[in-house]
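Dear colleague,

I am handing over the structure below, and I would be grateful if you could look through it alongside the notes that follow. The notes begin with a working definition and then go from one chain to the contacts between chains.

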There are 12 protein chains.
Amino acid sequence: TDLPAAATKDISAAMNGVLADVFALYIKTKNFHWHMSGPHFRDYHLLLDEQSDQVFAMADPIAERVRKIGGQTLKSIGDIARTKRIADNDAGYVEPSDMLAELQEDNKNLAAALREAHNVCDEYGDIATASLIEVWIDETERRTWFLFEAGRRGDSSGH
Amino acid sequence: TDLPAAATKDISAAMNGVLADVFALYIKTKNFHWHMSGPHFRDYHLLLDEQSDQVFAMADPIAERVRKIGGQTLKSIGDIARTKRIADNDAGYVEPSDMLAELQEDNKNLAAALREAHNVCDEYGDIATASLIEVWIDETERRTWFLFEAGRRGDSSGH
Amino acid sequence: TDLPAAATKDISAAMNGVLADVFALYIKTKNFHWHMSGPHFRDYHLLLDEQSDQVFAMADPIAERVRKIGGQTLKSIGDIARTKRIADNDAGYVEPSDMLAELQEDNKNLAAALREAHNVCDEYGDIATASLIEVWIDETERRTWFLFEAGRRGDSSGH
Amino acid sequence: TDLPAAATKDISAAMNGVLADVFALYIKTKNFHWHMSGPHFRDYHLLLDEQSDQVFAMADPIAERVRKIGGQTLKSIGDIARTKRIADNDAGYVEPSDMLAELQEDNKNLAAALREAHNVCDEYGDIATASLIEVWIDETERRTWFLFEAGRRGDSSGH
Amino acid sequence: TDLPAAATKDISAAMNGVLADVFALYIKTKNFHWHMSGPHFRDYHLLLDEQSDQVFAMADPIAERVRKIGGQTLKSIGDIARTKRIADNDAGYVEPSDMLAELQEDNKNLAAALREAHNVCDEYGDIATASLIEVWIDETERRTWFLFEAGRRGDSSGH
Amino acid sequence: TDLPAAATKDISAAMNGVLADVFALYIKTKNFHWHMSGPHFRDYHLLLDEQSDQVFAMADPIAERVRKIGGQTLKSIGDIARTKRIADNDAGYVEPSDMLAELQEDNKNLAAALREAHNVCDEYGDIATASLIEVWIDETERRTWFLFEAGRRGDSSGH
Amino acid sequence: TDLPAAATKDISAAMNGVLADVFALYIKTKNFHWHMSGPHFRDYHLLLDEQSDQVFAMADPIAERVRKIGGQTLKSIGDIARTKRIADNDAGYVEPSDMLAELQEDNKNLAAALREAHNVCDEYGDIATASLIEVWIDETERRTWFLFEAGRRGDSSGH
Amino acid sequence: TDLPAAATKDISAAMNGVLADVFALYIKTKNFHWHMSGPHFRDYHLLLDEQSDQVFAMADPIAERVRKIGGQTLKSIGDIARTKRIADNDAGYVEPSDMLAELQEDNKNLAAALREAHNVCDEYGDIATASLIEVWIDETERRTWFLFEAGRRGDSSGH
Amino acid sequence: TDLPAAATKDISAAMNGVLADVFALYIKTKNFHWHMSGPHFRDYHLLLDEQSDQVFAMADPIAERVRKIGGQTLKSIGDIARTKRIADNDAGYVEPSDMLAELQEDNKNLAAALREAHNVCDEYGDIATASLIEVWIDETERRTWFLFEAGRRGDSSGH
Amino acid sequence: TDLPAAATKDISAAMNGVLADVFALYIKTKNFHWHMSGPHFRDYHLLLDEQSDQVFAMADPIAERVRKIGGQTLKSIGDIARTKRIADNDAGYVEPSDMLAELQEDNKNLAAALREAHNVCDEYGDIATASLIEVWIDETERRTWFLFEAGRRGDSSGH
Amino acid sequence: TDLPAAATKDISAAMNGVLADVFALYIKTKNFHWHMSGPHFRDYHLLLDEQSDQVFAMADPIAERVRKIGGQTLKSIGDIARTKRIADNDAGYVEPSDMLAELQEDNKNLAAALREAHNVCDEYGDIATASLIEVWIDETERRTWFLFEAGRRGDSSGH
Amino acid sequence: TDLPAAATKDISAAMNGVLADVFALYIKTKNFHWHMSGPHFRDYHLLLDEQSDQVFAMADPIAERVRKIGGQTLKSIGDIARTKRIADNDAGYVEPSDMLAELQEDNKNLAAALREAHNVCDEYGDIATASLIEVWIDETERRTWFLFEAGRRGDSSGH
């Protein structure tokens, strides 16, 4: 690539942070997908499956983008565990409404991290990475919207 | 077409009324699809998307049918606004259960309008238009059934 | 087939019992699919449709398997009615939560019947029939899991 | 629906009769599909599979149509067994030519039942149900034609 | 079929007339498709190909419908030539605008023949044949509309 | 095209002869497809449907090929009737074995006509038309083979 | 979303303006698609159908984008009628060349409105909305190009 | 693999025996497919084609399975010829009923060989190979069933 | 290959000449596709796109064929520019009718070049290359036919 | 499920161990896929992508199977990191041949873990889980075979 | 067929020779596919799989072509073993480069055999068989080219 | 377009430069694809085919984009030859490793040219063109990465 070495270093660092969060969010979304319960079981089970698929689909393009600009990606489960900013939730039972709330918060943080990475790309003129991030922010804000609206309290008629 | 001029006039009038309602119901269904909220968010968001797709799919065949018998269709947003019988709902917030109830009523009215248009076609022997309407009534009654059943009060266990 | 006559007789008997239950469970699942109501209408309507499809898909392979080992299958509605172990539910109205609970129980019984049939196959070395049953047990346990989790009581926020 | 209560009652009764026959004919066609024999085995095995698929495809639309007009459908194997007009055939062995002849008769009766149900719909102006029945009559008459022609005696050259 | 013998005779006659016209219109439409010329060559070449496909698709269902009600279909090119009402056009060169005008007239006549056949079916209560005809009239009126609009004189700017 | 005028004339004449035969054979094959009877009804009904599709698929490429070399194609049902060499069979009833035998003979004649047309193309160096004919001969010989083998007398066990 | 409240307000306003124009342009394009006439009927009928599909495909993403950033979308036909900037054309007859010219102008205005909305997004750093707009400008400029070139005067040979 | 050397040796030997039989049965089934004759020509021609495809589909998985456990597969036509247990049939003419009978016997022997190979796998705990064999036995028993039923004597009416 | 060295040399030379023309014709067809104008814009824009796709599809098979017989293909834009026989047209504006006329001529020349190359193949018995050329001549003559017919003068009604 | 509590506990433990290894092996395989280098870059890049896809596809079925028998799955990146037995490789550069060798060893260990889990299932009669494991062992042994053969030393000609 | 008896005899003989070679080459290519090794394992494993598929795809058309002209095909493994000209290679280990070289030679011989068979067809005017052979020669020369180029010695950098 | 005339001029110039390079790189990549040799033949042959497809896919969108903003595109092979900056390589033989190295350099230069064009678009606010370029830079950097990694020296074990 014709980007300067500093670009490779800083953009790779920003993108690897996002990559670790993506894996962490993927596992957490799947965790809640597997342990969902209650009258909305099937609906939320499907919702979280769709969201986990969408989160997971970011991973390979992020890593390959880092490689295209000459950087190195994350390398292992341990590497991910050390780098990620999204907290684990190993509780034995989580209320469905708490699941939705927690994922909403995590996705909001992911959007902020993506926006931050976009700034780094802008700084170095890496317009190709920036362009990819724009799509992922849109998707992340969509997941946040769904989780926010679905997380609201129902009315007395059960709707 | 070999239908008399009165047929063209009366059937076109009936079908353009339905066409305006179809656009109005489409926008309202989408409106509720976009502003849905609460624990059933995803389920109802999808339900209204499917219903809006089905409503929208009626528009082009109605308009082209009018053209085939020599009539003129609606021409603009203003034309639709003046012709439609389904009321706008511009409220800032609508309860999910109220959304379902209002759409149920609108679909019931649409079925009645289609049945009325069928009578006009029968009168003039326009069996081709009549045959299309029969399918649309079935679809409209299906939407009504779904909205009716989904609109019922939940029990104390949350089901 | 090179299996002994006793294998044909005993395996056919076990499999025809399962076949009758499969038809009975199929009709009951469709019955509840058609008469579902309440805020979860669409979600459960779809759930039971998927489950009925999966149950129905077992019927032809079971019957053809019986024929491949030289046995005779069930022959009529009357035959099914006499052979099935799953109870009819002809009630005019069933609460959604009761629908889920009843189907959960029926699927649990079906899994037990399949496991029992697997033992019969093992006894005679009919590894081909046994292999098919293993897949159906997995599917049946999946339906039971979904019905169990979806059947749990919702929390106070409506989730 | 805006149809009168009497329409719901009479049309539902007519359609549930057809629904029971559809299930009975489906099982009988499959029964003969599974126990076919002789030089035409594969050809008739496939013929009856296609016919059973076509018969089965009527069931869900019939039941959902009953629901759309506010009626209740059949609910169980027992319900079907009590309602159906098509006779069981539990014979251990049936000649292929007898299979074709019996199914031909059953399909002819089904066509008559559909035509009768169409009259009921006409009476109440339920044009949507009527429209569906028209397609099913055509299919049923096609099955009858195939069974009639295939059931004719071969010539001396074996054709 | 349970229709009376007179129905078989009269409906078959009406439908065989339509069938002959369908083949004649198909060949003429293809003829013009093959010999089209001028600035609109590709556009009209495609238009007539689409129309010929749609006309041709009527043939097999018409013939099989005649067989289902116990009638005999047309049997040969000679049979078609003797039965058809649509005139041959064997001219060496036909102006594109004349092609459009002639086909428009032929399609209008076909619609009238279909409407006439519908009356025959109505008389005998053959609702299945009638239902098929309704779709074909709609298609035929669509072809007529296209040919009418495309056949109009262009303005001075060449549009 | 850069082929001489004599090539256009002679190749067009040969190909139009084949085109007329193709339409005649198509209608006859469909005729037998519609009026087939006896124990092999479904098998032969399908066989002739496949063969008629294959025959029909030759028509458009033949006609367009004639146009590409500057010739004129057949124009109407009357034109086909005057040009074809394959005889009509308007009999009310034809034995299945006679149907197979007659079509076998017709296909053999069609192969000969194609081979003759190939010679005309060779003479003028029209290698593109010749190349198409080679494929059609192979297909025609395949139809002949099927009809020959299927037309043989069955053995005493009914096979 | 982590965008400031002013962003939600201003971007929603800009996007709702575009949304209203999109619906208005969609209906007008369909209007001309339905009432096209003259020698180019099929070609322009198809052109406007493709363009209307492309315009319509913008609507849902625009509305959902507004929701993702916390805004409210348009809610009804009346809302669209009050908000849109594209003028209705309810004339009984419009020359084809005038149709092309009017749509060209409307699309040019839509591109300008999109560019303006892009500036609003840029101001608030809403890169996800901006990214979507870039694609829609490209599509809108493509529609404008087609309408411009097709709208030019033909030469004396009719091309 | 972590299976012992004796497992590799014994399982490979058993599977190569099956592999040789698979190729031999494939060629024989194709041979009869190519030389079929009589009124059932098309039906049996297709039956044997389907069966040969199914037999052939076993070959690659068998060979690759042998490689996965560290063994060597058959290597040539000569190798197959020396290893196979299914007899060649090079007769110039074979009655259709004899074809069905011979293949029925060969498939029965293949099922026995597969069952024997399953025992070898069980002995060494090679559950992956065993699992594949279970599916192939089911398929082989299906082919045997079809050949048995189709091979039965027809009745006096030609069915 | 077992063809003589002279065959490789002469056939490669002939085919590389065709390959250069193919690229030149491809670019010119695209050039006219991009710069088309007037009332037929969309129709001719599509026509030339289809033709350019078809021309382009010849390139890889030609080059790979040269490699299969041991020759070397063209290697660069410069190589193409030096080898091609089809003239560039860099005019700023070309009338649509002139575009059609020029491409018609170019395609006619391409057909002649292909026919010439076929003669070279015939001479050396390279039947595989010859067989490919036969298909390409047919396609080229089809493009010429379309361009010829579309290039004809319209009549006074604008058709 | 009707399996005893001990089965749920022991099988869940075994399967969660496998699940952790599956995630670890997935990340490592992707790591090597991203950092591959040398003349075989594309070939091995694709090989490891296919293998990582196959490994990843095991994860959801394992976790859902644990849920179906009433157990709890792994819940987070931290949970995976603590449970997995496959070692991380965070080296900055790894030789391609070392990558192949290390993955070969890891897959061999995974096969052993699967075989061990199979024993646990056998003990408790959980035939559905056992059946799934059999397929995964076959896939794992296939990956091992590919990695073993590809990891062998090349010969002096570079093959 | 209308070809003379000598044609049937000589062409069948030539084609059966090719058919035997096709089966022999297929098994050898698969043999090398299964026993490939070294750094190029996956690449050559795939190459030989593609080539074996292409070789195998010739078999059924060759055999059916023989049947269409009235000949008899090969009938068994023994028949193939006696007729084939391609030598078996039962060696326990073959160097990858030797595999490529041997297959290159075999394919070259197959091309020569096909060219020889083409001469026989030419002699008798069997243009349909000849046309099929032309395609197969092209494919065979493609396989030879690939094997030749891939079989060349690598350079010192490992490329 | 509402962009200023200077934008049309400067952006068109920049994009036509890229377009010429795209065609030149396409031909060179194909050239190396056709003349590849050595042990990696198939792998690199496929790599360059994929890359040439990706390069080629840029051409039409670039040219149409130029047209949308009112510019003129390149018009001929000669135009491309005069405009391109990527050098021809007409050498009779090129080492595979040299092919990879040369293409790596060319792609790097193409990325720089795209980045330069992006600056021109930014200057004039042509955000639609800029958005397209961002995707192409990403693709070009991916091709460069692949060529760089594949171009590295192998180790002593042949990997």
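Contact here means heavy atoms within 4.5 Å. By that rule no contact joins chain F and chain G, whose closest C-alpha atoms lie 22 Å apart, and chain B and chain K likewise do not touch, with 44 Å between their nearest C-alpha atoms.

Please bear in mind that this is a predicted model, in which local features need pLDDT of at least 70 and side-chain atom pairs count only at pLDDT 80 or more, while totals for chains, interfaces and linings use all residues. Residues are numbered from 1 along each chain as its sequence is written, chains are lettered from A and ligands numbered from 1 in the order in which they are written, and side-chain values use heavy atoms, with hydrogens and water left out.

To start with a single chain, the secondary structure of chain A comes to six helices and zero strands, where helices (H or I, at least four residues) and strands (E, at least two) are DSSP runs numbered from the N terminus. The C-alpha atoms of chain A fill a box of roughly 60 × 30 × 20 Å along the principal axes. Of the 159 residues in chain A, 67% are buried, buried meaning under 20% relative accessible area, exposed over 50% and partly exposed in between, with a 1.4 Å probe and protein chains only. Among contacts in chain A between residues at least 6 apart in sequence, 81% join residues at least 24 apart.

One residue to look at is I:Val18, which lies in helix 1 (residues 5-35) of chain I and is buried, with a relative accessible area of 1%. Leaving aside neighbours within four places in sequence, I:Val18 is in contact with I:Ile62, I:Arg85, I:Leu110, I:Ala113 and I:Leu114.

As for the copies, they were superposed by least squares on the C-alpha atoms of residues with pLDDT of at least 70 in both. A rotation of 120 degrees with 0.0 Å of shift along its axis superposes chain A on chain B, with an RMSD of 0.0 Å, and that is the relation of a three-fold axis. Chain J is laid on chain A, again with an RMSD of 0.0 Å, by a turn of 180 degrees and a shift of 0.0 Å along the axis, which is the relation of a two-fold axis.

Between chains C and D, the axes of helix 1 (residues 5-35) of chain C and helix 1 (residues 5-35) of chain D come within 14 Å and cross at roughly 150 degrees; axes are lines fitted to C-alpha atoms, for helices over the stretch in contact, and angles run from 0 to 180 degrees between N-to-C directions. That makes the two helices roughly antiparallel, given that angles under 35 degrees count as roughly parallel, over 145 as roughly antiparallel, 65 to 115 as roughly perpendicular and the rest as oblique. In this pairing C:Phe23, C:Tyr26, C:Ile27 and C:Trp34 meet D:Phe23, D:Tyr26, D:Ile27 and D:Trp34.

Finally, how many disulfides are there over all chains? Taking a disulfide as a pair of cysteine sulfur atoms within 2.5 Å, the count comes to zero over all chains. D:Cys121 is in no disulfide, the nearest cysteine sulfur being that of E:Cys121, 20 Å away, and D:Cys121 counts as buried at 1% relative accessibility.

With best wishes
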